[in-house]
Each structure stands twice: as C-alpha cells, then as structure tokens.
Amino acid sequence: NRQWYLHSRPEGVPNEDDIRARSVPLCRPGPGQVLMQNLFLSMDPGARFWMSDRPGYMEPIAIGETIRGSTLGRIVESNHPKFKVGDYAVGIACNGWEDYSLIDPELNEVVRADLGFPVNWHLSIFSAVGLTPYFGLLEIGKPKPGDTLLVSAAAGAVGSLAGQIGRIKGCRTVGIAGSDEKCRWIVDELGYDAAINYKTCGDMQQAIAEACPDGVDIYFDNVAGSILDAALLNMNNFGRIVFCGAISQYNTDDAVPGPYNYWQILARSLTVRGYIALEFRDRFPQAVEEMRGWIDSGELTFAEDIAEGFESTVATFARLFDGSNKGKLMVKIRDG
Ligand code: NDP
C-alpha cells in the first residue's frame with residue numbers, strides 16, 4: 001500500500017522532503033471494518049493547515065501519519081452492512097493519500113455511479129467543496145437581487161461556484177483571480193460581470209471600487225490578507241463577509257498581522273461569519289439536488305483539474321498555492 005506521509009512540518013509550500021512516499025503492507029479489515037481502494041484524491045488547501053501544529057477545527061496531522069484527505073474509491077472488502085464490495089464511496093477529510101484506506105464507516109458514504117454524470121463529481125461539485133459556496137453564500141451571504149457580490153480565488157473550486165450561485169440569485173458578481181486568463185474565463189464562461197487580476201491591478205482598494213461602483217454587499221473571502229483589507233474599505237453598510245478561507249496565510253507559521261481595517265466591521269455594521277461546510281452536512285442531499293437542477297438547466301457550470309498518477313500528488317498539491325489550478329484540483333491514482 002503506497003502512502004504519502006508527513007515526514008516533517010513544512011515551512012512554506014510543502015515539497016517531497018516534507019511529505020514522503022512509503023510502501024506498507026496492506027491492512028485487512030477487522031470486524032466492522034471496510035477496505036477501500038482509492039481512485040481519486042482531493043487536493044484541498046485546508047490540508048496544508050493540518051500539516052502545521054496549529055489549533056484548528058481538526059487535529060494536526062502527526063509526524064509519520066498518512067496525509068489526511070478526502071478521497072473517492074471502491075470498496076474491496078467489507079465487514080460492515082453499509083458497504084458492499086464494488087460500491088463507490090466518498091469520505092470527506094477522513095481518508096488518506098494512499099492506495100487503500102481502512103475507512104471509517106460513519107464518515108464515508110456510498111455514492112452512485114449511474115446518475116448520468118462522472119462518478120468523480122461526487123468528489124468535486126457534489127462534495128463538501130462544491131457545497132461550501134452553496135451554504136456559505138446562501139446562509140451567511142444572504143444574497144438579494146441587485147446585491148454586489150465580490151469573490152476572491154474566483155477561478156478556484158469554491159470561488160468559481162460562489163460567483164455563479166450569486167448570479168443565479170440575482171447578484172452582480174465580481175471575481176478576483178491571479179491571471180488574465182482566469183479573469184477572462186470567469187467572465188466569458190462562468191458569467192461573472194467583472195474580474196480583477198490581483199497580481200497586476202495595482203491599488204486593490206481602488207480596483208475594487210472601480211469594479212464595484214455601488215459598493216460591495218457580500219464579500220466571499222477565500223484568501224484573507226491584503227485582499228480582505230481592501231474589500232473592507234469597499235463594503236456597504238450592513239454588508240456580509242462570508243469567511244470561507246485564508247489561503248494567503250496557510251504557508252506561514254508566523255503570527256499574521258491584520259486585518260488592518262478591522263474597525264470597518266463596526267463602522268459599517270458588517271456581519272463577518274466563518275464556517276466549516278461540514279456544519280451543514282445534514283442538508284447536503286437537498287443542496288445536491290438544487291445544484292443538479294442548475295447544472296441540468298445550464299445555469300451552473302464548473303471545471304475539474306485532474307492530474308494523473310499517485311507520484312504526482314505532492315507537486316499537484318503545491319499548485320493550489322501558485323495558482324496554476326483552475327477549478328477543482330484532484331489526483332486520479334487509478335481507473336476503476
Ligand atoms: P482553489 O481551487 O480556489 O485553489 C486555490 C486558489 O487560491 C489558487 O488557484 C490561487 O488562485 C489562489 N491563491 C493561492 N494563493 C493565494 C494568495 N496568496 N493570495 C490570493 N489567492 C491565492 O481551492 P479551493 O476552492 O479548494 O479552496 C478555496 C478556499 O476555500 C481555501 O481558502 C480553502 O481553505 C477554503 N475552503 C473552505 C471550506 C470551508 O468549509 N470553510 C471548504 C473548502 C475550502 P489565483 O491564481 O487566483 O491566485
């Protein structure tokens with residue numbers, strides 16, 4: 001069983017010194033246990049957080065432990081009534097970057113492969129990653145027709161969907177992304193009304209002001225840092241900040257100063273709420289149904305960015321941090 005495990009805590013973007021491969025004998029499932037052969041590994045920025053020894057919403061990954069992640073696979077042995085051999089199953093943030101996982105039957109769910117879409121969609125649009133923007137925007141952002149919605153990391157898995165859901169709800173949508181190509185893509189293909197390239201726009205506060213002449217009612221924040229600071233100065237009174245992620249800060253263990261414009265939360269009567277998508281787990285099926293409806297009607301589209309091969313995993317993970325992924329990043333480790 002090949003595994004990627006944490007050899008040392010990374011400083012900066014993880015590489016193959018920090019995360020190393022090993023081969024271990026395959027564990028057989030004991031009573032009540034289930035063995036899954038992984039087909040796809042989900043590449044999620046949050047995993048970088050667990051590689052550091054910092055307090056968070058999950059325990060840090062221990063040195064020597066297999067890297068924790070979301071995977072989709074097929075059941076190869078089962079001693080549990082919930083799973084049959086041959087079933088496809090998905091586990092969110094509870095399986096590992098490895099060929100075979102002894103899975104937790106409570107935290108993994110059987111998914112169907114006969115629903116008219118590729119089975120890997122259960123790890124992208126119809127998984128927690130796809131449902132993160134759904135619940136964040138609708139429950140926290142509370143979009144109303146005519147609102148201006150600003151989204152950072154707008155060409156990524158979460159951001160690409162956040163803007164489209166906002167559009168469906170009648171918002172004017174502005175996305176922030178790290179290349180001209182991504183900016184064109186989110187406007188031309190995803191229906192964003194405007195885009196800002198944060199790497200070339202110069203003064204970010206000014207760029208947001210120009211792209212959002214009526215101010216910002218909802219900021220869907222995936223990155224935090226200086227973009228959040230610039231957004232705070234453009235928020236309308238009673239605006240909502242959906243605090244979904246802080247990717248600009250995941251690769252440092254140092255204390256991060258700011259947001260410097262924190263006072264604007266008070267001055268503009270803003271609501272800022274962080275969340276973990278799994279908080280809404282009980283409502284995932286209903287959300288999947290609604291998202292499926294939008295896809296079928298052509299209102300919602302999304303992109304997957306699928307790298308091939310177990311060996312590519314660490315290099316693929318690093319792409320989340322240089323911005324070279326577009327849409328949901330995954331590693332396909334075998335057919336099945
Ligand atoms: P993405 O597919 O959006 O990939 C990450 C993107 O972030 C990159 O493509 C890059 O795009 C951008 N980025 C990387 N570094 C920086 C930086 N320093 N400043 C600005 N942008 C940067 O990943 P996901 O969609 O999976 O995740 C997006 C965010 O959502 C993350 O913060 C993640 O932790 C969070 N998240 C939160 C969840 C929750 O439950 N709250 C669940 C899932 C994800 P670019 O080219 O534009 O720079």
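These are my notebook entries on the fold, the domains, the core and the ligand shell of this predicted model.

**Ground rules.** I am working with a predicted model, where local features need pLDDT of at least 70, side-chain atom pairs count only at pLDDT 80 or more, and totals for chains, interfaces and linings use all residues. Residues are numbered from 1 along each chain as its sequence is written.

**Overall form.** I looked up the secondary structure and found 9 helices and 15 strands in the protein; helices (H or I, at least four residues) and strands (E, at least two) are DSSP runs numbered from the N terminus. The C-alpha trace spans about 60 × 45 × 35 Å along its principal axes. The radius of gyration is 20 Å, which agrees with the value near 20 Å for a compact globule of 336 residues; it is taken over C-alpha atoms, and the globule rule is 2.2 Å times the number of residues to the power 0.38.

**Domains.** I have domain 1 (2-124 + 303-332) and domain 2 (128-278), with bounds from an automatic or database domain assignment. Their centres, taken over C-alpha atoms, are 28 Å apart. Contacts (C-beta atoms, placed from the backbone, within 7 Å) link 19 residues of domain 1 with 18 residues of domain 2. On the domain 1 side of this interface, α1 (46-50) and β15 (328-332) each supply at least two residues.

**Core.** I checked burial next: 44% of the 336 residues count as buried, meaning that 20 or more other C-beta atoms, placed from the backbone, lie within 10 Å of the residue's own. The largest nonpolar core (buried Ala, Val, Leu, Ile, Met, Phe, Trp, Tyr and Cys joined through C-beta atoms within 7 Å) has 92 residues, and L150, A154, I186, F220 and A231 touch the most other members. Both domains give residues to this core, so it lies between them. I followed L150 further: leaving out residues up to four places away in sequence, L150 touches V174, I208, C212, V216, Y219 and A231.

**Ligand shell.** Which residues come nearest to the ligand? I noted G156, A157, G178, G245 and G323, out of 30 around the ligand; a residue counts as near if its C-beta atom, placed from the backbone, lies within 6 Å. Helices α2 (128-141), α3 (157-168) and α9 (313-322) each supply at least two shell residues, and α3 gives the most, with 3. Domain 1 and domain 2 both contribute to the shell, so the ligand shell lies between them.

Definitions and conventions: Two residues are in contact if their C-beta atoms, placed from the backbone, lie within 7 Å. A residue is buried if 20 or more other C-beta atoms lie within 10 Å of its own, exposed if 12 or fewer, and partly exposed in between; C-beta atoms are placed from the backbone.
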